[in-house]
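Trainee: I would like to learn how to read a ligand site and the pockets of a model. Where should I begin?

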Amino acid sequence: MKFFVDTADIKEIEELIPTGFVDGVTTNPSLIAKNGDDMAKTIKAICSIVPGPVSAEVTATDFDTMLQEGEYLASLAKNVAVKVPLTPNGLKTCKTLREKNIMVNVTLCFTAAQALLAAKAGASFISPFVGRLDDLGENGMDLIEDIVDIFDNYDFDTEVLVASIRSTQHVIDAAVIGAHVSTLPPKVIHELYNHPLTEKGLNAFLEDWKKTGQSILPK
Ligand code: E4P
């Protein structure tokens with residue numbers, strides 16, 4: 001499973017790069033607003049340090065402007081994946097951008113039917129939002145299971161990019177189902193390391209090691 005980082009904060013991305021976990025980055029208008037910097041500058045900066053796909057989202061809702069915005073965003077760096085919302089105009093834009101060989105991530109997906117439409121429009125990625133479905137009392141992972149099954153049935157090239165991830169359990173469930181990508185807020189990436197028995201075990205090993213008076217490196 002690939003890990004994308006769900007942030008527009010360059011510092012957070014820089015900190016995570018040495019871990020080797022950063023296969024790509026996703027941003028959205030809310031994350032760009034939270035970061036507070038110019039969008040084009042931010043996307044260029046992220047693309048210069050992350051070789052994998054970096055999603056940058058259009059904000060127009062009509063086809064002509066969406067297409068112009070998508071082409072502009074794609075011109076910023078060769079690894080930009082243009083993000084479009086799952087609307088009729090978004091899917092039309094997806095199809096046109098894909099014909100120009102531009103990567104497209106179709107976002108705000110909440111049903112398997114929507115995912116099927118995105119795959120038929122040639123999307124490189126489809127982003128179902130699990131956390132926001134859980135917030136409504138639904139089980140977001142059921143949607144991931146359905147989409148992965150449907151895509152397997154028809155050999156679609158579209159990658160399932162699990163978005164709106166809130167917990168370690170979301171990541172595990174998405175991996176068990178076989179989703180291609182999870183996009184994780186940095187906080188969740190840090191939580192993936194944690195288990196109380198790891199901490200307890202390490203402390204015990206270190207205590208016992210201290211008693212030996214040894215050091216591994218020659219003095
Ligand atoms: C990423 O592509 C999505 O925009 C993001 O994961 C949404 O997450 P949220 O529901 O926590 O805002």
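Mentor: We will go through the ligand, then the two pockets. Keep in mind that this is a predicted model.

Trainee: Which residues are around the ligand?

Mentor: The shell consists of D6, T26, N28, K83, F129, R132, A163, S164 and R166. Sorted by class, that shell has four charged, three polar and two nonpolar residues.

Trainee: How far is an oxygen atom of the ligand from an N or O atom in the side chain of D6, of N28 and of R166?

Mentor: For a polar contact, look for a pair of N or O atoms within 3.5 Å. In the side chain of D6, an N or O atom is 2.6 Å from an oxygen atom of the ligand. For the side chain of N28 the distance from a ligand oxygen to an N or O atom is 2.7 Å, and for that of R166 it is 3.2 Å.

Trainee: How much of the accessible area of the ligand does the protein cover?

Mentor: On its own the ligand has 340 Å² of accessible area, and the protein covers 84% of this.

Trainee: How is empty space found in general, and where does the ligand sit?

Mentor: The general idea is to roll a probe the size of a water molecule over the atoms, which shows where empty space is left. Here, the ligand sits in the largest pocket. That pocket has a volume of about 320 Å³.

Trainee: Which residues that line the largest pocket are closest to its centre?

Mentor: They are D6, N28, R132, S164 and P185, out of 18 lining residues. Two elements, α2 (29–35) and α10 (186–192), give two or more residues each to this lining. By class, the lining of the largest pocket has seven polar, six nonpolar and five charged residues.

Trainee: What volume does the second largest pocket have, and which residues line it?

Mentor: The second largest pocket holds about 160 Å³ of space. Its lining is made of D6, T7, A8, D9, E12, L31, K34, N35, P185, P186 and K187. Five of these residues are charged, four are nonpolar and two are polar.

Trainee: Which element gives the most to the lining of the second largest pocket?

Mentor: α2 does, with three residues. Both α2 and α10 supply at least two residues of this lining. D6 is worth following through the model: D6 is one of the residues around the ligand, is among those closest to the centre of the largest pocket, and also lines the second largest pocket.

How values were computed: Residues are numbered from 1 along each chain as its sequence is written. This is a predicted model: local features need pLDDT of at least 70, side-chain atom pairs count only at pLDDT 80 or more; totals for chains, interfaces and linings use all residues. Side-chain values use heavy atoms; hydrogens and water are left out. A residue is near a molecule or strand if one of its heavy atoms lies within 4 Å of it. A polar contact is a pair of N or O atoms within 3.5 Å; within protein, one must be able to donate a hydrogen and the other to accept it, and residues adjacent in sequence count only if both atoms are side-chain atoms. Accessible areas come from the Shrake-Rupley method with a 1.4 Å probe; for residues, only the protein chains shown count as cover. On a 1 Å grid over the protein atoms alone, a cavity is a set of points where a 1.4 Å probe fits but cannot get out, and a pocket is an open set with protein on both sides within 12 Å along at least five of seven lines; lining residues have an atom within 4 Å of a point. A molecule sits in a cavity or pocket if more than half of its atoms lie within 2 Å of its grid points. Ala, Val, Leu, Ile, Met, Phe, Trp, Tyr, Cys and Pro count as nonpolar, Asp, Glu, Lys and Arg as charged, and the others, Gly among them, as polar. Grid points are joined across faces, edges and corners, and a volume is the space filled by probe spheres set on the points. Helices (H or I, at least four residues) and strands (E, at least two) are DSSP runs, numbered from the N terminus.
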